[in-house]
Amino acid sequence: MEYFWYFVLYSALGFLLEVGYAWCTGGRRDRKRTLVLPLCPVYGLGALVVLALPEEILTHPLLLMVLGGTAATGVEYITAVFYEKVLGVSFWDYRELRWNLHGRVCLSFALAWSALLPAAVYWVHPAVSGWVEAVPLPVTAAAVVAVGMDLLISALLLRRTGKRECLQWYRRESRKAFLDTSG
């Protein structure tokens, strides 16, 4: 079950990275997150793939940056295709950036992921792995249900509308309905 928590934690850290990047660059604030939880699944999936690399790669910083960065970029590309083909939405488009592949990945972000990997693997992961092992099974079970429902409902809304803005609209309308009934 620790891989579930790694997915959740790195998806949440990815969300924070997205928010920070948008804040620093004046970019879009409607990031690629799930409906309720602040999770960007592409980061969680990328982290899982990198953590699954052989120990020989993970223990050598240069190999980690090159092969791990390539793996993370591959996950980003596949996730973009999934979003487009299965859910009918596009959360990012790098076509305006130089050296991009179908607008789904680009060299500048691939290099950024590569540069972030040593910190993630050598500092962040050891810090969270001890915590993850200590999470009781009932808490994990409840979290699996909550995250699973959020992912499912997010996917259904995206698939039905074909618009990523539907998640922001739904969150806004839910808050208004809650405030109307509580006030």
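Q: Which residue forms a salt bridge with R104?
A: This is a predicted model, where local features need pLDDT of at least 70, side-chain atom pairs count only at pLDDT 80 or more, and totals for chains, interfaces and linings use all residues. Residues are numbered from 1 along each chain as its sequence is written, and side-chain values use heavy atoms, with hydrogens and water left out. A salt bridge here takes a side-chain nitrogen of Lys or Arg within 4 Å of a carboxyl oxygen of Asp or Glu. For R104, the closest N and O atoms are 2.6 Å apart, and the partner is E84.

Q: Is R104 buried or exposed?
A: Buried means under 20% relative accessible area, exposed means over 50%, and partly exposed is in between (1.4 Å probe, protein chains only). R104 comes in at 13% relative accessibility, so the label is buried.

Q: Which residue meets R95 in a salt bridge?
A: R95 is exposed, with a relative accessible area of 59%. Its partner counts as partly exposed, at 32% relative accessibility. The N to O distance is 2.7 Å, and that partner is D93.

Q: At what angle do helix α4 and helix α6 pack?
A: Helices are DSSP runs (H or I, at least four residues), numbered from the N terminus. Axes are lines fitted to C-alpha atoms, for helices over the stretch in contact, and angles run from 0 to 180 degrees between N-to-C directions. Helix α4 spans residues 61-87 and helix α6 residues 137-161; their axes are 9 Å apart, at an angle of about 60°.

Methods: Helices (H or I, at least four residues) and strands (E, at least two) are DSSP runs, numbered from the N terminus.
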